[in-house]
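These are my notebook entries on a single chain. I set down what I looked up, in the order in which I looked.

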Amino acid sequence: MAEENREKLHIRLHVYDTDLSVNIPRDEEELYRSAGRLITNTINTYASISKGQRSDKMVLYMAMVDIALRYEKEAKRNDTEPYDDILKKLTSEIEEALKNET
């Protein structure tokens, strides 16, 4: 347990208008800070676009949808399942061809 705590780092993460106190894995500090900047920048963008036309809550929801959409697009772009299916089929065909040669 003590070793696990040494692996953690306690940081104050600034997200939009709030400082969060979080314990994170040491090797992920830059990722957390980058995520905080992404959230802050996205909220600021939507806040400046709506300039008082929408509530703070609505601006936060719009920013969350924007970030989630980016995540979903990236996940879809990195989906390897279609390639896995093709590789399985090709492997099967190669194995069958090799069996037929002997």
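**Entry 1: Ile11.** I began with Ile11 and located this residue in strand β1. The model I am reading is predicted. Is Ile11 buried or exposed? I found a relative accessible area of 3% for Ile11, and because the cut-off for buried is under 20%, I entered Ile11 as buried.

I then listed the contacts of Ile11, leaving aside neighbours within four places in sequence. The partners are Leu20, Ser21, Val22, Ile24, Glu29, Tyr32 and Arg33. I noted that β2 covers 18–25 and that α2 covers 29–50.

I also checked one distant pair. Ile11 and Leu60 lie 49 residues apart in sequence, and their C-alpha atoms are 23 Å apart in space.

**Entry 2: the nonpolar core.** Which residues make up the largest nonpolar core? I recorded six: Leu9, Ile11, Leu13, Val15, Val22 and Ile24. At least two residues of this core come from each of β1 (8–15) and β2 (18–25). The most is given by β1, which contributes four residues. I added a general remark that in soluble globular proteins nonpolar side chains tend to be buried together.

**Entry 3: Thr40.** I next turned to helix α2, where Thr40 is found. The relative accessible area of Thr40 is 13%, so I entered Thr40 as buried. What does Thr40 touch, its neighbours within four places in sequence left aside? I found His14, Val15 and Tyr16 in contact with Thr40. Of these partners, Val15 is also a member of the largest nonpolar core.

**Entry 4: positive phi angles.** I looked up two residues that are not glycine and yet have a positive phi. For Tyr16 the angle is about 55 degrees, and I placed Tyr16 in the loop between β1 and β2. Tyr16 has 29% relative accessibility, which means that this residue counts as partly exposed.

For Lys51 the angle is about 30 degrees. Lys51 sits in the loop between α2 (29–50) and α3 (56–77). Is Lys51 buried or exposed? The relative accessible area is 65%, so I entered Lys51 as exposed.

**Entry 5: the chain as a whole.** I then took stock of the secondary structure, which comes to four helices and two strands. Read from the N terminus on, the order of the elements is α-β-β-α-α-α.

What is the radius of gyration of the chain? I noted 23 Å, whereas a compact globule of 102 residues would be near 13 Å. The C-alpha trace spans about 75 × 45 × 15 Å along its principal axes. Buried residues account for 15% of the 102 residues.

Among contacts with a separation of 6 or more, I found that 22% join residues 24 or more positions apart.

**Entry 6: surface and charge.** My last entries concern the exposed area and the charges. The chain exposes about 8700 Å², of which carbon and sulfur atoms supply 54%. I recorded 16 positive and 21 negative charges, and the mean positions of the two sets are 8 Å apart.

Terms used:
Residues are numbered from 1 along each chain as its sequence is written. This is a predicted model: local features need pLDDT of at least 70, side-chain atom pairs count only at pLDDT 80 or more; totals for chains, interfaces and linings use all residues. Side-chain values use heavy atoms; hydrogens and water are left out. A nonpolar core is a set of buried Ala, Val, Leu, Ile, Met, Phe, Trp, Tyr and Cys residues joined through side-chain atoms within 4.5 Å. Buried means under 20% relative accessible area, exposed over 50%, partly exposed in between (1.4 Å probe, protein chains only). Contact means heavy atoms within 4.5 Å. The radius of gyration is taken over C-alpha atoms; the globule rule is 2.2 Å times the number of residues to the power 0.38. Accessible areas come from the Shrake-Rupley method with a 1.4 Å probe; for residues, only the protein chains shown count as cover. Lys and Arg count as positive and Asp and Glu as negative; His and the chain ends are not counted. The place of a charge is taken as NZ of Lys, CZ of Arg, CG of Asp or CD of Glu.
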